[in-house]
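Student: I'd like a close look at one part of this protein, namely a pocket and the strands around it. Could you walk me through that region and then the loops that follow?

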Amino acid sequence: MFHQKIAKLLTLSISCIFLSIQPAFAQDSSATKYQHELKLKLNEQIVTVNGQTQTLPVPPILMNSVTMVPLRFIAETLGVTVQWDDAARIITLTTAKTKISLAIDSKDAVINGASTSLEQPATILNDTTMVPLRFIAENMDQTVSFDGTTQMITITNNLIQPAPVNEKRDKPTVDNLSIERPITERSNVKIYDIISDSSSNVYMIDYDVKSQSYPYGILSYNQNNDDGKNIQHTTFIDSKFDVQYKDSKGAVQRVSYQNITPKKLYYDSLTDKLYLMAHAARPFVEEAVIIYEILPEVKMVTFNLESSMNEENNFISFLDQDHFYYSNVFLGKVFDFQVPNESKVIGLLPDKKASYVSLNTDGKMYLLDKTNKKISKVNLDGTITEVASVNLDQITGASSRNGYFYISDTTKVYQVDVAGKMDEYTNVALLTYNKGLYDPKTQTYEQPAENDKIIDGKSITDQVNGPGALSFKGSFLFTIDHRGNIVIYDSLNGIIRRINVY
């Protein structure tokens, strides 16, 4: 009975109460916190959280001059995910930014991979796990104060004020964020994916046919600061991407970056990390699907030998820090990966020819099947449950952001919730095009260039009108940025463009 109580307590996963998803685009949900104030006294079971009283099963107590509180209470209050390793008797507390590991009755602790020492270890008292209050709170970005007169302990966090909610434009405009490639060069450079982060950065996989050294790379463009005439690479697919892994026979195989093909980018807003799914294939070596972390550093995260031919159709759904589900559509499998474990198959996909976009909202995982126009829920056991259908004849592109899917047909982009309800987001027929290259620093437009040509012996100045109108047809490659605007790679004109919805 004792072990059952501890197991139930320590495996409880509590949604972070600091986070909120706004129905309109204001500030990204990963940065929005609720103000809270927690007050408690030693040896008293009554505490207050934001003025509301609660009764603790065990009161806060002093142990070796350290205030100890029930684990469940601190987890619920600070919005912490708790895991319990029964064999090692280790507690792991995780938020989007911080991971703390404590061993019962041990002064050794680990914070984000760095070892530290406790004045008083976590312990079990009357079937209740007690943890050091100040150590946990301060390492979770809280402020702890003590009033010696009233003996009151107060814990507060700093409120991040949400930015004003923007209003949608009646007539969306289109900005040119990069210069138009000459027609002769457009066939040499291909863009295979585009994604945005929680601030102003946009990332793309590019392939340069003419490059002899590093044909593949990850381009980046900051919408606030960067020069659209000179888009830079965050990284090339170079020696940093060399990998080694054990094949099905246990032999160590080494694959050079020259045999790595990047396929799709993924962004985890909880940790602000950028990931890449790639294909590793070298002659006489067992092929593998590799998942890399790209930012903040390049490293292999996990792999599997279940080789896929369609990595660009796969999803990654982030559950927690260093924990995600991902798919192998070609084989119809769903994998579970959590550091430091290896990937394991936990479920099957209903269609091996589908193409997926994932979405996490309210602690649940959803998939948009672009091929079959269906929305499904991914259950924790890996099973897939269809929850809605999408009423469109054709889906030319798809993305997700802040609790919604965004899908396009040949004329419009729609915002779609997980129940399948569609609202028109923008219409290609209603767009107004700004001429010239947009300069984010001055928020002005560089006027289109002028060509000088000779006709009948006379010099004639001809103004270049700039790229043509957008088309949502074919494969429409877009992402929704943190402001709710649509950033596009316009392959027809070889240019990065933005539809200003807000």
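Tutor: Happy to. Let's start with the lining of the second largest pocket, whose residues divide into 13 nonpolar, 6 polar and 5 charged. Please keep in mind that this is a predicted model. The pocket itself, the second largest, has a volume of about 410 Å³. Its lining counts 24 residues, and the closest to the pocket centre are Arg-181, Val-189, Asp-206, Leu-219 and Ile-231.

Which strands supply the lining with at least two residues each? They are β16, β17, β19 and β44, the last of these spanning 495–500. The largest share, 3 residues, comes from β17.

Now for the sheet behind those names. An open sheet is formed by 4 strands in the order β16-β17-β18-β19, with antiparallel pairing. Strands β16 (189–196) and β19 (232–236) stand at the edges with a single partner strand each, so one side of each has no neighbour in the sheet. On average, and ignoring direction, neighbouring strands here are turned by 30° against each other. Within the sheet, β17 (residues 201–208) and β18 (residues 216–222) pair in the antiparallel sense over 7 bridges. Ile-205 stands opposite Ile-218 in β18.

Next, the loops, where some backbone details deserve your attention. Most residues other than glycine have a negative phi, and most peptide bonds are trans. Asp-272 goes the other way, with a positive phi near 60°. This residue sits in the loop between β22 (260–268) and β23, and Asp-272 is partly exposed, at a relative accessible area of 48%. Gln-443 also has a positive phi, of about 55°, although it is not a glycine. Its place is the loop between β38 (432–439) and β39 (444–446). Why is Gln-443 called exposed? Because its relative accessible area is 57%, and exposed means over 50%.

Two peptide bonds to prolines are worth a look as well. The bond from Leu-295 to Pro-296 is cis, with omega near 10°, and Pro-296 lies in the loop between β24 and β25 (299–304). The bond from Val-339 to Pro-340 is cis too, with omega near 5°; Pro-340 is in the loop between β28 (333–338) and β29 (344–348).

One further proline, Pro-283, is found in the loop between β23 (273–280) and β24 (288–295). Pro-283 is exposed, with a relative accessible area of 55%. The C-alpha atoms of Pro-283 and Asn-259 are separated by 9.2 Å, and the two residues are 24 residues apart along the chain.

Technical notes
Residues numbered from 1 in each chain as written. Predicted model: local features only at pLDDT ≥ 70, side-chain atom pairs only at ≥ 80, totals over all residues. Heavy atoms only, no water. Pairing = 2+ DSSP bridges. Axes fitted to C-alpha atoms, helices over the stretch in contact; angles between N-to-C directions. 1 Å grid on protein atoms, 1.4 Å probe; cavity = no way out; pocket = protein on both sides within 12 Å on 5 of 7 lines; lining within 4 Å. Points joined across faces, edges and corners; volume = space filled by probe spheres on them. Nonpolar A, V, L, I, M, F, W, Y, C, P; charged D, E, K, R; others polar. Buried < 20%, exposed > 50% of the residue type's maximum accessible area, 1.4 Å probe, protein only.
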